[in-house]
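Please go through the labels attached to this structure and say what each one rests on.

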Amino acid sequence: MEKKLNKKNGCESRVDTFIMERLPGMVEERLTGLPVKGIYARKVLKNNGVRYRGIYVELEQADMTPCIYADPYLPADTSGLQNEEDWNSIADRMARDICFALSRADSGIVKEIGQEGIPDHLELELINKKKNAELLKKVPHRNFLDLAIILVWTVSVDGRRGVIKVNDEVMTLLEADFDELFEAAFENVRRRYSVKIAPVDDVVEDLSGIRPMPVDSGLYLMTLEGRTGGGIAMLYPEMTRELYERIGEPYYLIPSSIHEVLAVSRSIEMEWRDVRNMICEVNREVLSPEDVLSDSLYIYDPEKGKISLMTEKKEAEYQG
């Protein structure tokens with residue numbers, strides 16, 4: 001076992017050295033004729049403390065630096081990367097995609113769009129506050145229970161949506177008030193993406209063509225149509241109210257991932273602690289670390305019209 005671990009660690013170290021030290025130069029050699037001032041590698045802090053190895057493309061006369069992640073270009077088993085032909089193939093594919101992205105990108109460069117156009121490029125993301133403590137030291141945000149709401153700068157590449165987290169450095173570049181940008185970003189999300197609320201049984205049937213058993217589990221899915229990070233739909237007060245009207249009583253909100261939340265009546269035959277334990281188990285055993293939203297269970301109170309963390313104290317309130 002020790003030998004296998006050492007072999008695996010040695011392979012990972014070799015791949016890491018290649019990406020961080022050799023790959024930027026190999027890609028730059030393939031980008032002749034483009035307005036590229038330089039290329040460098042940096043490990044990028046992503047959601048929930050996950051780090052990707054990014055290749056940054058520094059453009060001439062631009063105030064933002066596009067980044068393309070190297071990890072998706074690697075095979076699942078990196079021990080198969082053995083020779084120069086393998087490395088050159090990765091550099092070729094990455095350079096080709098960079099050229100394509102630069103030719104199609106709506107880059108949203110601040111100096112090109114002007115200050116008045118900045119709000120149109122902003123949206124919101126909902127992330128875990130504790131798991132992103134390091135990230136949030138440099139990223140302005142609003143707290144929401146055990147979560148944080150951050151601003152992201154949206155980039156469209158050939159119809160695909162990409163985002164850049166708005167940190168303190170970007171805020172300085174934008175020269176704008178955070179609260180004003182936050183409200184504009186929230187309005188963008190609400191205007192661009194409709195909320196989808198559907199019984200989970202219907203969703204499974206649409207995907208598989210098979211009706212699950214038992215029919216009518218009483219479990220609902222809520223997400224946003226047309227974008228990732230649909231868990232932010234739980235911030236729409238009119239949608240959480242609509243869920244209440246469908247369910248007919250206070251309900252639990254289960255953060256199944258950053259992309260969607262599930263809702264189920266509080267009167268289900270399952271203790272709330274068991275539901276919370278189930279959330280933790282799924283987060284550990286099923287989801288990728290980057291897709292986890294929270295280990296918590298939430299409850300919607302129709303009288304107050306708001307979402308709260310489900311706790312012992314909250315349970316005592318319902319017990320009277």
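**Labels and their grounds**

Q: Which residue in β12 stands opposite Y251?
A: S265 in β12 stands opposite Y251. The model is predicted, so local features need pLDDT of at least 70 and side-chain atom pairs pLDDT 80 or more, while totals for chains, interfaces and linings use all residues. Residues are numbered from 1 along each chain as its sequence is written, and side-chain values use heavy atoms, without hydrogens or water.

Q: What makes β11 and β12 a pair of strands?
A: Strands (E, at least two residues) and helices (H or I, at least four) are DSSP runs, numbered from the N terminus. Two strands pair if DSSP finds at least two bridges between them. β11 and β12 (residues 260-265) have 5 bridges and pair in the antiparallel sense, which satisfies the condition. The connection from β11 to β12 is a hairpin through 2 residues.

Q: How many bridges join β11 to β13?
A: β11 and β13 (residues 298-301) are joined by 3 bridges and run antiparallel. The count meets the minimum for pairing. In this pair, Y252 faces I299 of β13.

Q: Why is β11 called largely enclosed?
A: Buried means under 20% relative accessible area, exposed over 50%, and partly exposed in between (1.4 Å probe, protein chains only). In β11 (residues 251-257), 7 of the 7 residues are buried, so the strand is largely enclosed by the rest of the structure.

Q: Why do β1 and β3 count as edge strands?
A: The open sheet has 3 strands in the order β1-β2-β3, with antiparallel pairing. β1 (36-45) and β3 (67-69) each have a single partner strand, so one side of each has no neighbour in the sheet. Between β1 and β2 (residues 51-59) there are 9 bridges, and I39 stands opposite V57 in β2.

Q: How do you know that R53 and D71 form a salt bridge?
A: The label requires a side-chain nitrogen of Lys or Arg within 4 Å of a carboxyl oxygen of Asp or Glu. In R53 and D71 the closest N and O atoms are 2.9 Å apart, so the pair qualifies. R53 lies in strand β2 and D71 in the loop between β3 and α2 (84-104), 18 residues apart, so the pair links distant parts of the chain. R53 is buried at 8% relative accessibility, whereas D71 is partly exposed at 24%. Both belong to a network of salt bridges that also includes D16 and K43. The structure holds 19 salt bridges.

Q: What makes E238 and R190 a salt bridge?
A: The N to O distance between their side chains is 3.1 Å, which lies inside the limit for the label. E238 sits in helix α8 (residues 237-247) and R190 in helix α6 (residues 178-192), 48 residues apart. E238, with 33% relative accessible area, is partly exposed; R190, with 31%, is also partly exposed.

Q: Why are E317 and K314 said to be about one helical turn apart?
A: They are 3 residues apart in helix α10 (residues 312-319), a separation of about one helical turn. Their side chains meet in a salt bridge at 3.4 Å, N to O. K314 is buried, at 10% relative accessible area, while E317 is partly exposed at 45%.

Q: What does K196 touch?
A: Contact means heavy atoms within 4.5 Å. Leaving out residues up to four places away in sequence, K196 touches L221, M222, T223 and E225. K196 lies in strand β9 (residues 195-199). The relative accessible area of K196 is 29%, between the limits for buried and exposed, so partly exposed is the label. The C-alpha atoms of K196 and G230 are separated by 9.3 Å, with the two residues 34 apart along the chain.

Q: What makes the nonpolar surface patch that includes V282?
A: Patch residues have over 30% relative accessible area and no salt bridge; like charges are joined within 9 Å, nonpolar side chains (Val, Leu, Ile, Met, Phe, Trp, Tyr) within 5 Å. M270, M278, V282 and V286 make the patch, of about 320 Å² (Shrake-Rupley areas, 1.4 Å probe, only the protein chains shown counting as cover for residues). V282, in helix α9 (residues 272-285), is partly exposed at 31%, which is above the patch threshold.
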